[in-house]
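This report introduces a protein model to a reader who has not met it before. It moves from the chain as a whole to the spaces enclosed by it.

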Amino acid sequence: MFELMNTNQYPAHYQTLETLRVERLLKEWSAATTSPLSVLDYGMGRGKYLKLFRALNLQVSGVDINQQYIAEARSQGFEAWHESELEGIDRTFDVIYLSHLIEHLDPTQLMSLLDRLITLLSSNGRLIMISPTLGERFFYDFSHIRPYYPQSIRHAFGQSSSPLSFGATARIELKDIHFFKDPFRTRKWRSFYVSSSPLNYFTSALNKAFDLVWRLTSGHIGVTSSWLGVYSKC
């Protein structure tokens, strides 16, 4: 059954669905333990998820390369480190969170990062990776390097049927996966960009209709735009 989303609370965007799914997963995992989960948000940015995780009563820490973001997080009472301090962290985490980060790395950088993060996972820990799929939306972000898929990660860790792998040690395994859709958009129409176009009003109305369909179906009708993978240590 589809649920109608609160149109005032949630924007019509696939990352809204990601956030709702992450919140649901962490609530489920928290309910199964007697102590607060420890979460490391790698690439925390302005702290959107730090605040969400704290609202869920989790033990939250963050990592970023932007000193201003780190200072802001610390001023709000969060434990935050610069990426260069990662090796100095002397404890493990129940959850490590990577949201829309891996697509900014080339394969060598990604495998190096995953090797480092896996060592920070507790024995029963979970690694959450969220990343966009390939499509016209992928290239709207000027800093995207390449898309990665769950099969890409399996291949890199030598877990696929391919005779070649990227050489990483098979230390994480996919346990759960979710795909998310964005509303359809007329981004390849001139009238989407040129307000003086005779079709501009029609284009705007059509995109609002696409948004409504997306909401009425709880994001089930649209264009697949991202995936979320839950990994654990092998």
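What percentage of the 234 residues of the protein chain count as buried? The share that counts as buried is 45%. The model is a predicted one, and every value in this report is to be read in that light.

**The chain as a whole**

The protein chain contains 7 helices and 7 strands. Followed along the sequence, these elements come in the order α-β-α-β-α-β-β-α-β-α-β-α-α-β.

The overall dimensions can be set against a simple expectation. For 234 residues, a compact globule would have a radius of gyration near 17 Å, and the 19 Å of the protein chain agrees with this. Along the principal axes, the C-alpha atoms fill a box of roughly 60 × 45 × 40 Å.

Contacts and surface complete this outline. Among contacts in the protein chain with a separation of 6 or more, 68% are between residues 24 or more positions apart. The accessible surface comes to about 12,600 Å², and carbon and sulfur atoms account for 54% of that surface.

**The largest pocket**

The largest pocket has a volume of about 550 Å³. Its lining is made up of 24 residues, of which Tyr-42, Gly-43, Met-44, Asp-64 and Leu-101 are the closest to the centre. Two or more lining residues come from each of strand S1 (38-42), helix H2 (48-55), strand S2 (59-64), strand S4 (93-99) and helix H4 (107-118). Helix H4 gives the most, with 3 residues.

**The largest cavity**

The count of cavities of 30 Å³ or more comes to 1. The volume of the largest cavity is about 30 Å³. Its lining consists of Met-44, Gly-45, Arg-46, Gly-47, Leu-50, Tyr-69, Glu-72, Ala-73, Gln-76 and Phe-78. Helix H3 (residues 67-75) gives the most to this lining, with 3 residues. Met-44 thus appears in two settings: it is among the residues closest to the centre of the largest pocket, and it also lines the largest cavity.

**The linings by class**

The table sets out the residue classes of the two linings.

| Space | Nonpolar | Polar | Charged |
|---|---|---|---|
| Largest pocket | 10 residues | 8 residues | 6 residues |
| Largest cavity | 5 residues | 3 residues | 2 residues |

In the lining of the largest pocket, then, 10 residues are nonpolar, beside 8 polar and 6 charged ones. The lining of the largest cavity has 5 nonpolar residues, together with 3 polar and 2 charged ones.

Notes: Residues numbered from 1 in each chain as written. Predicted model: local features only at pLDDT ≥ 70, side-chain atom pairs only at ≥ 80, totals over all residues. Heavy atoms only, no water. 1 Å grid on protein atoms, 1.4 Å probe; cavity = no way out; pocket = protein on both sides within 12 Å on 5 of 7 lines; lining within 4 Å. Points joined across faces, edges and corners; volume = space filled by probe spheres on them. Helix = DSSP H or I, 4+ residues; strand = E, 2+ residues; numbered from the N terminus. Nonpolar A, V, L, I, M, F, W, Y, C, P; charged D, E, K, R; others polar. Rg over C-alpha atoms; globule rule 2.2 N^0.38 Å. Buried < 20%, exposed > 50% of the residue type's maximum accessible area, 1.4 Å probe, protein only. Contact = heavy atoms within 4.5 Å. Areas by Shrake-Rupley, 256 points an atom, 1.4 Å probe, with all protein chains shown as cover.
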